[in-house]
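User: I would like to understand how the descriptive terms used for this model follow from their criteria. Please set each value against its definition.

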Amino acid sequence: MIRTHALTKVFRARDREVTALDHVDLDVAEGEIFGVLGRSGAGKSTLIRCVNLLERPTSGTVAVGGRELTALSARDLRAERLRIGMIFQHFNLLSSRDVAGNVAVPLEIAGVGRAERNRKVAELLELVGLSGHAKAYPAQLSGGQKQRVGIARALANDPRVLLCDEATSALDPETTRSILDLLRDLRSSLGLTILLITHEMDVVKSICDSAALMEDGRVVESGSVADLLTRPDSRLARDMFPLGGPVDGKGSTVVDITFRGEETAHPFVSTLARTYNVDVNILGAAVETVGGRQVGRMRIALDGGFEQNVVPIGYLREQGLQVDVLDADADVAGAVDGPAAGRIVGARIAATAPGAAPTFAKEA
Ligand SMILES: Nc1ncnc2c1ncn2[C@@H]1O[C@H](COP(=O)(O)OP(=O)(O)OP(=O)(O)O)[C@@H](O)[C@H]1O
Ligand SMILES: [Mg+2]
C-alpha cells in the first residue's frame with residue numbers, strides 16, 4: 001500500500017548538509033499497522049512527511065495505493081493527498097473552533113456542502129466516541145479527547161492510509177492504550193493502512209504487525225514483528241523482549257529459546273527435563289501476545305557443559321523452536337546502542353543487559 005524506493009532527503013543549510021533519509025526502502029502492506037522506531041533525529045518524521053510529499057524527497061520514489069506520488073502533477077497530488085490522513089503528537093487543533101468545526105476543516109477545503117458536511121462530522125464524531133462533545137472547544141478537552149478530534153479530522157476525506165507521527169507521545173499510558181485500541185478498531189472497520197512513528201516499544205508491541213528500526217536516516221532492520229522475533233541478531237526483538245536472567249554458565253549451558261505462534265516453550269522444557277533427565281533452570285522469560293499470537297523468549301540453564309547438552313539442545317531445535325546457545329564469557333551488552341550489542345559468536349548470542357529499558361529514550 002505504501003512503498004518507498006531509495007527514498008533520500010538531504011537538507012541543505014548554508015554550509016551544512018544533513019542526510020535525513022538515506023535510500024529508504026519501505027513496504028507497508030494493505031491493512032497493516034506498521035511501526036517505525038528510532039532515536040531522536042533518526043529521520044522518522046522526515047520519512048512520514050516524504051510519504052505524503054509534505055516534504056519533497058531529494059531522490060527516490062513514493063507510491064501509495066499503487067500510484068507513484070513523486071510522478072504526479074501538483075493538481076493530481078492534491079487529490080491523492082486527500083486520501084492520506086495524518087495525525088500529530090500535539091494534535092494541531094484550531095482553538096477558535098469547536099470540535100465539530102475542527103473536524104469540518106478538511107471537508108470545507110474539499111468543497112463539501114453544508115448538509116453533507118454536518119452529516120459526515122456527526123458520523124466521524126460517533127466513530128471516535130465524541131458524539132457528546134461536538135460543541136466543546138479544544139481547551140475544554142483532555143489530551144486523549146483532543147487526539148480523537150485529530151483522528152476524526154484525519155478521517156474526514158475517507159483516507160485509505162493514516163500516518164501518525166508520535167500520536168500518543170503526549171498522552172498518559174491509559175489514554176495511550178485507548179487511542180491505540182481506537183486505531184486498531186479503525187484499521188479493521190475502515191480497512192485502513194496505518195504507518196505510525198513512535199519511540200515507545202510498547203506501542204509496537206501492542207498494535208504493530210510489522211516494524212522498522214531507523215538509524216541515521218537508514219532503515220537498519222525491518223519485517224513482521226513475529227519474524228523479527230526469531231532473528232537472533234534483531235535489536236527490535238531484543239528490546240521488545242529483554243531477558244534479564246544471568247549469563248554466567250558456570251557448570252551449565254545457558255540457552256535462549258524463542259517461540260511464537262501456537263507453540264510455547266513450557267511443554268518442551270518439561271518434556272526435556274523428563275526425557276533427558278536434565279535439570280532445567282528457568283532464568284528468565286518474557287512472553288507477550290502480539291497480534292493475537294503468543295510470542296516470547298525464555299532463558300534456561302542446563303546442567304553441564306555444551307558437549308553434554310548437544311542432544312537436549314538438538315531436541316529443542318527439532319521442535320521448531322529457535323535455540324541460541326549463549327556464550328558464557330561474552331560481555332553483557334547494552335540493548336539499544338551498546339558498543340557490542342549482542343555479540344554473536346557463530347550461533348551464539350550475547351545477552352541483553354538486565355533491566356535494559358525497552359524504549360528509545362527521547363533526547364529532546
Ligand atoms: N527542515 C529541516 N531543515 C534542516 N534539517 C532538518 C529539517 N528537518 C529535519 N532535519 C534534520 O534531519 C534529521 C532527521 O530529523 P527528523 O525530524 O526526521 O527526526 P526524527 O527521527 O523525527 O526525530 P524526533 O524523534 O526527535 O522527532 C535531523 O538531523 C534533523 O535535524
Ligand atoms: Mg520526529
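User: In α4, what makes Lys120, Val121, Leu124 and Leu125 count as buried, and which elements do the buried residues of α4 pack against?

Analyst: This is a predicted model, in which local features need pLDDT of at least 70, side-chain atom pairs count only at pLDDT 80 or more, and totals for chains, interfaces and linings use all residues. Residues are numbered from 1 along each chain as its sequence is written, while chains are lettered from A and ligands numbered from 1 in the order in which they are written. A residue is called buried if 20 or more other C-beta atoms, placed from the backbone, lie within 10 Å of its own, exposed if 12 or fewer do, and partly exposed in between; in α4, Lys120, Val121, Leu124 and Leu125 are buried by that criterion. The buried residues of α4 pack against α3 (99-109) and α5 (143-154), where a contact requires C-beta atoms, placed from the backbone, within 7 Å.

User: How do you know that the span of helix α4 agrees with its number of residues?

Analyst: Helices are DSSP runs of H or I with at least four residues, and strands are runs of E with at least two, numbered from the N terminus. The expected span is 1.5 Å times one less than the number of residues, so the 14 residues of α4 (residues 114-127) should span 20 Å, and the end C-alpha atoms are 20 Å apart, which agrees.

User: Which residues of α4 are exposed on the other side, and what follows the helix?

Analyst: Ala115, Glu116, Arg119 and Glu126 are exposed on the other side of α4. The helix is followed by Gly129, whose phi is positive, near 75°.

User: Why is the set containing Val103 and Ala152 called a nonpolar core?

Analyst: The term denotes a set of buried Ala, Val, Leu, Ile, Met, Phe, Trp, Tyr and Cys residues joined through C-beta atoms within 7 Å. Of the 72 residues in the largest such core, Val103, Ala152, Leu163, Ile194, Leu195 and Ala211 touch the most other members. This core draws at least three residues from each of domain 1 (2-229) and domain 2 (237-349), with bounds from an automatic or database domain assignment. A second, separate core of 15 residues includes Phe259, Phe268, Met298 and Ala301.

User: What makes a residue part of the shell around ligand 1, and which element gives the most?

Analyst: A residue is near a molecule if its C-beta atom, placed from the backbone, lies within 6 Å of it. Of the 14 residues around ligand 1, Phe11, Ala20, Ser40, Ser45 and Thr46 come nearest. α1 gives the most, with three residues.

Conventions: Contact = placed C-beta atoms within 7 Å.
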